[in-house]
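This report covers backbone geometry, nonpolar packing and the contact between chains. The structure is shown first.

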Amino acid sequence: MDYAWDFGAINRYWSVLWNGLVVTFQLAGISLLAGLALGLFVGMMRFAKSPVLTWPAAVYIEVFRNSPVLVQLVWFYYAFPVLIDTTMSAFMAAVLALSFNTSAFSAELFRGGIQSIDTGQWEAGRALGMRGPTLMRRIILPQAIRRMIPPLTGRAIELTKMTALASTIAVPELLYQGKLINAVTFRPIETYTVVAVIYLVLLWSGTLLVDRVERRLGRSDAWNR
Amino acid sequence: MNGTTWDFSVVWENLPMLARGLVGSLQITFVALLFGLLLGLLVAPLRMSALRSLRMPANVYINIFRATPPLVLLFWFFYAFPILIGVRFRPYEAAVVTLSLQSGAFFAEVFRAGIQSVERGQWEASRALGMGYLRLMRRIILPQAFKRMVLAFFERAIELFKTTTLVSTIAFADLLYEATVLVNQTFRPLEIYTAVAAIYILVITAASVGVRGLERRMARSDA
């Protein structure tokens, strides 16, 4: 219990942590963009009339939602390159795993958001002579995306949390940098506490932001009614 | 594809080892579920307390464990916490402590949401009948809240099972860890990691199909 905390030991390594934080943001940012784009595509496939499109989309979503992210990460780093006979950087493997994972979850969000739009909107759009893609782009998506903003922001926070897993395949993100610092300073308590606090501040403020956005959107929705 | 020859014999031959790993994963899941549940039951009333001095600490605990990446928590409880309190933690103990505390935070929110989802009128009516807090909870609120909590509980349990894979990073012998050991011995990552992913997908899909079935049955009995 009489442990003497000494944060001075890691004072020299702030830049190392900063570099890690930058990689964390890069990983989260790239995976979020790729995951949302792919998720929109897969979500649309779920609305197709032909089972040739709906089935693969459904299986894809289930596979990525029903397996642990760490397993996906390990698979993309160690197994996938063997399969396609190539080598892959750890960062690339992490981007692939996290993008696919995010796309499966956001596909379901897109589907839910689109389904939540009143059927009258579809009928009115059709009555104006709009067809599938135009109707989707002009009428349905603008309304659906508004409702999807809170859950999608929640997804972005989950994704940022997941990036810590990339440390297991030696992507130099925040947690991995923490491991490195610990390896040279032998100060696990200070190092891991600082790393945990950085994540906490980052993600907690993200959660507070989502709550605020949710409340504000909820209010403006009520005005429009 | 590019002439990759799949050879799953390495998986079949080592199935007992993978099975032992799966048992390890399930064991951690159940123990953490049990402790998490108890902790959640304890923290939820604090979180809803009218007293700020009770509500604040509960709130801080819940937010810390919900917002921090579980892998960071696991490292902290494995590498930092034992030195801090002057004990030694085996990987199993660190895993149980981390995942129980994390589950407790999530379950506290599940309980709170369930209880708060019960209509105000039900509270007022029971008070009007002269019931005290505990009796009102036991007789009126909890039976109604319970149904709503059950589904969230099972969904959280599935999430927890997924999260147990993290314990492989501190060398607890769960399914993923056994797979990694096997890969290092046999150099067949493609077959082994694919098989392990398939095992996880099977177990988790079966569990979520079960939860969805339960959801339908409960929706019917509601109507």
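## Backbone outliers in chain B

The model is predicted. In it, B:Ala171 counts as partly exposed, because its relative accessibility is 43% and the partly exposed class runs between 20% and 50%. This residue sits in the loop between helix 7 and helix 8 (175–186) of chain B. Its phi is near 65°, a positive value in a residue other than glycine.

B:Phe187 also has a positive phi, about 55°, although it is not a glycine. Its place is in the loop between helix 8 and helix 9 (189–222) of chain B. B:Phe187 is classed as exposed because its relative accessible area is 67%, and the cut-off for that class is over 50%. As background, most residues other than glycine have a negative phi.

## Nonpolar cores

The largest nonpolar core has 118 residues. The members that touch the most others are A:Phe76, A:Val171, A:Leu175, A:Tyr199, B:Tyr193 and B:Tyr200. Helix 7 (residues 133–163) of chain B gives the most to this core, namely 11 residues.

For A:Val171, neighbours within four places in sequence are set aside here. The remaining contacts of A:Val171 are A:Val23, A:Leu27, A:Ala90, A:Phe91, A:Ala94, A:Ala166 and A:Tyr176. A second core, separate from the largest, holds 11 residues, among them A:Phe110, A:Met130, A:Met136 and A:Ala144.

## Interface between chain A and chain B

In the interface, 37 residues of chain A are in contact with 39 residues of chain B. The two chains bury about 3400 Å² between them, and 77% of this area is on carbon and sulfur atoms. On the chain A side, A:Asn66, A:Leu83 and A:Lys161 lose the most area to chain B, together 17% of what that side buries.

Between chain A and chain B there is 1 salt bridge. It joins B:Arg212 to A:Glu62, with the closest N and O atoms 3.4 Å apart. The count of residue pairs in polar contact between the chains is 6, both residues being at pLDDT 80 or more.

Four helices of chain A each supply at least two residues of the side that touches chain B: helix 2 (51–65), helix 3 (69–83), helix 7 (174–185) and helix 8 (188–224). Helix 8 of chain A gives the most to that side, with 10 residues. By class, the side of chain A that touches chain B has 27 nonpolar, 5 polar and 5 charged residues.

Conventions
Residues numbered from 1 in each chain as written. Chains lettered and ligands numbered in written order. Predicted model: local features only at pLDDT ≥ 70, side-chain atom pairs only at ≥ 80, totals over all residues. Heavy atoms only, no water. Core = buried A, V, L, I, M, F, W, Y, C linked by side-chain atoms within 4.5 Å. Buried < 20%, exposed > 50% of the residue type's maximum accessible area, 1.4 Å probe, protein only. Contact = heavy atoms within 4.5 Å. Buried area = accessible area lost by both parts, 1.4 Å probe. Salt bridge = Lys/Arg side-chain N within 4 Å of Asp/Glu carboxyl O. Polar contact = N/O pair within 3.5 Å; in protein donor to acceptor, adjacent residues only side chain to side chain. Nonpolar A, V, L, I, M, F, W, Y, C, P; charged D, E, K, R; others polar.
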